[in-house]
Amino acid sequence: MIPELGQLLLVIAMVAAFFQAFLGMGLTKISTDQRDRLVSRIVTIHTVGLFLAMVCLGYSFVSDDFSVLYVALNSNTNLPVVYKIAAIWGAHEGSFLLWLFLLSLWSFLFAFSKKHDSQYLDLKITALGILGLISFSFVLFIIFTSNPFEVLPNPPIQGRSLNPLLQDPALVIHPPMLYAGYVGLAVPFALALSSLMTSKEGHSQFQWASVARVWTIMAWVFLTGGIVLGSWWAYYELGWGGWWFWDPVENASLMPWLTATALLHSLIVTERQKLFNGFSILLAIISFSQSLLGTFLVRSGILISVHSFASDPSRGIFILGLLGLFTGGALLLLAMKHKKEKPVKIDILSRESFLLLNNVFLCTASGLILIGTLYPLALEMLDAGKISVGAPYFNFVLLIPFLPLLFFIGLGVFTSWKFSNAKIMISKLKWVLAASILFSIGCTVFLYGYAGFLTLIGITLAGWTMISALMPLVERTSINTLENAMKILPMSLAHIGLGLTVLGITVTSSYGLTQDKSLRFGQSTQVGDYIFQLNDIKEGAGPNYFSIIAEIQISTKDNEITVIYPEKRIYDLNSPAMTEAGIESNIARDLFVALGENVGDQAWSFHLQYKPLLRLIWIGPFVMIIGGLFRVYLTRPLRRRKLVQQDD
Amino acid sequence: MIVVLLGVGLASFFVLKSFQQNLLYYFTPIQVQSGEAPTDREFRMGGLVQPGSVRRAEGSVAVEFFLTDGNVFIIVKYNGILPDLFREGQGIIATGRLDTEGVFIAREVLAKHDENYMPPEIHKIKETT
């Protein structure tokens, strides 16, 4: 009964999405006001329909209804309830349903956001129409190729287990976060197209930018959060102690993140200075295309990847078709409808030129990742041999856009719109430069030691980024009110977050230590300043697994630090054990121990790591997220109130 | 203008060079045996772990096993922790280089990730055996 209801709800959502597209894009001759009312209602039906479909699937999971194929494949009666719910997005069909539901949720929030007064109405409804079209295509995709409500005629008594790797708290929220980021980029995409379709010559063609900015930031916040959670999960769960593998699936999330970052900076220029409108539209198109590309890469199973799970070529071709359709259609629309902008002379020392420059660097970075990710696939398709592009390519090649990017971020902060005074800039920048060099020398001399010129550059640039972002906040001349500080705060936080991340990456990769070692009881080994001693190996049990637990004592020469318990979990006798690493961390360093196996002679193998400043890699993005949220929830209302006051 | 062009040119040169250097080619054991694989640089080799071939140095992390495509096998030596999913008869991909005796010295060993996923190359090997 319930799966049939879910099916029915999907069909309802499909019909609603169709009408949302039809009415929204103005294919009928009714008045704008009427369209607005109708579209808002349809969006509600569409969203509620998909939400209830999610609830139906969730109910099937929680009630162990193994007549539903998807439930039988991904859940069993022994699974804790939290993971039964998370199993909704544990595999292909359900994760697409989630993807779709989140898309409708963004449309819903967009349809009912207060910002839109009458002059935005046409822009907004048309954008909702485009969102409806995207939804419609993907409901079709789900119904025809990936139906989560497919019913088995002879249901099994017990279901298969959910991949134990996925039974983890971070993985409960990682996919929803990441998907929310991916599909959130559909909103600026829809707004950009809507602007091309509706705007007349002149002022109105820039309106979309101010609306799109907030939505881009929100999508970007979710995307950032999703990527960080994924990286954190990989670190403690995959058992290798690495935090980024340049796996195509990770690249698939990093590429839209880089272009979305470019987009949200470009929108600032378009909104404030009425410049780069075409470039912003292009970035909005590219960002969403890369979201779709990411979905395609992850879900089509064409990758040689440690992440790719389900595979079925027909699905891949369907998504690729939609990717081609939306990207191609959008680019065509841009080529046909974009109104030539008046040529403007831009001073090189202006904020707009620095933002443009850095957006080009961000796009370059995204492009370089794209090449490294797709080239092996292309070669394979042409039967020209099998290759993979290793981490060294990415690690090296990304320095080319990122080193100048970080340098220009520091410069850009001290520019003004239109024209900047070079003398004033230099007088401020020399202090920033001096401070960052001091910071770098300090880190090298007092903390970590010299580890190559590139490390020194990395630390200096991290300092440069952070100090330049802090300067406008502490400078007394330009900041005299709390309100002014609030305006700068989001930018400062985001740039400080970036600086922290760069610092973490540089220090961890330059000074981190790794050791694979076998230990007997009572034996110890030293990694850096830390001594790891194996005290004991015990057996334990959890709700649906049993485990082997090692007791490792960590100490330095003078102090005992802690005892950690790396584990090997066995969820199911037929599948191999899972590593649960033992981690002792503080802001300064991470100590990581993964238990290997019994290597005979009463010895066990261990993977040991010392990683200084590793946490900054995740704290940095977290600070960026706070910056983004500040912009949306604190700074924006402030600005709007001010506008109202000016009107009075 | 010239500076920009020079910069872009130089950057492209480095990108291409790095691309060339960091491509890892993939070979099967039979290709390695017939001498198709390079001896002067790293590459990846995929196949199944020959059942009964895994040998350890007692009490150490050094391990040695045969990687097979069903017909021929190559000896692989690895000094480190093996992935959770490493088992005899299992498909794996090893990254490393050949030593002078034709033994593959692995720097990294990846196993297939769960029951549903298998690297495409390994899938092909399984089908042909």
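User: Which residues touch the most other members of the largest nonpolar core?
Analyst: In this predicted model, the largest nonpolar core holds 215 residues. Helix 9 of chain A, residues 207-237, gives the most to this core, with 19 residues. The members that touch the most others are Leu100(A), Ala186(A) and Ala192(A).

User: Leaving aside neighbours within four places in sequence, which residues is Leu100(A) in contact with?
Analyst: Leu100(A) is among the three residues that touch the most other members of the largest core. With its neighbours within four places in sequence left aside, its contacts are Leu50(A), Ser135(A), Phe138(A), Val139(A) and Ile142(A).

User: How many residues make up the second, separate core?
Analyst: Val269(A), Leu275(A), Phe354(A) and Leu355(A) are included in this second core, which is separate. Its number of residues is five.

User: How far apart are the end C-alpha atoms of helix 2 of chain A, and what span is expected?
Analyst: Helix 2 of chain A covers residues 32-62, which is 31 residues. At 1.5 Å a residue the helix should span 45 Å, so the distance between its end C-alpha atoms agrees with this. That distance is 44 Å.

User: Which residue just after helix 2 of chain A takes a positive phi?
Analyst: The phi in question is about 50° and belongs to a residue just after the helix. The residue is Asp64(A).

User: Where does helix 18 of chain A bend?
Analyst: Helix 18 of chain A has 30 residues, 482-511, and should span 44 Å at 1.5 Å a residue; its end C-alpha atoms are 40 Å apart, which agrees. The helix nevertheless bends by about 40°, and Pro490(A) follows the bend within four residues. The bend is at Ile488(A).

User: What is the order of elements in chain B from the N terminus on?
Analyst: Chain B has three helices and seven strands. From the N terminus on, they run α-β-α-β-β-β-β-β-β-α.

User: Do strands 4 and 5 of chain B run parallel or antiparallel, and which residue in their hairpin takes a positive phi?
Analyst: Strand 4, residues 62-68, and strand 5, residues 73-79, are joined by seven bridges and run antiparallel. Phe65(B) has Val76(B) of strand 5 as its bridge partner. Four residues lie between the strands of this hairpin, and the one with a positive phi near 105° is Gly70(B).

User: What is the bridge partner of Val76(B) in strand 7 of chain B?
Analyst: Strand 5 of chain B is joined to strand 7, residues 104-111, by three bridges, and these strands run parallel. In strand 7, the partner of Val76(B) is Phe104(B).

Technical notes:
Residues are numbered from 1 along each chain as its sequence is written. Chains are lettered from A and ligands numbered from 1 in the order in which they are written. This is a predicted model: local features need pLDDT of at least 70, side-chain atom pairs count only at pLDDT 80 or more; totals for chains, interfaces and linings use all residues. Helices (H or I, at least four residues) and strands (E, at least two) are DSSP runs, numbered from the N terminus. The expected span of a helix is 1.5 Å times one less than its number of residues. The bend at a residue is the angle between axes fitted to the seven residues ending there and the seven starting there. A nonpolar core is a set of buried Ala, Val, Leu, Ile, Met, Phe, Trp, Tyr and Cys residues joined through C-beta atoms within 7 Å. A residue is buried if 20 or more other C-beta atoms lie within 10 Å of its own, exposed if 12 or fewer, and partly exposed in between; C-beta atoms are placed from the backbone. Two residues are in contact if their C-beta atoms, placed from the backbone, lie within 7 Å. Two strands pair if DSSP finds at least two bridges between them.
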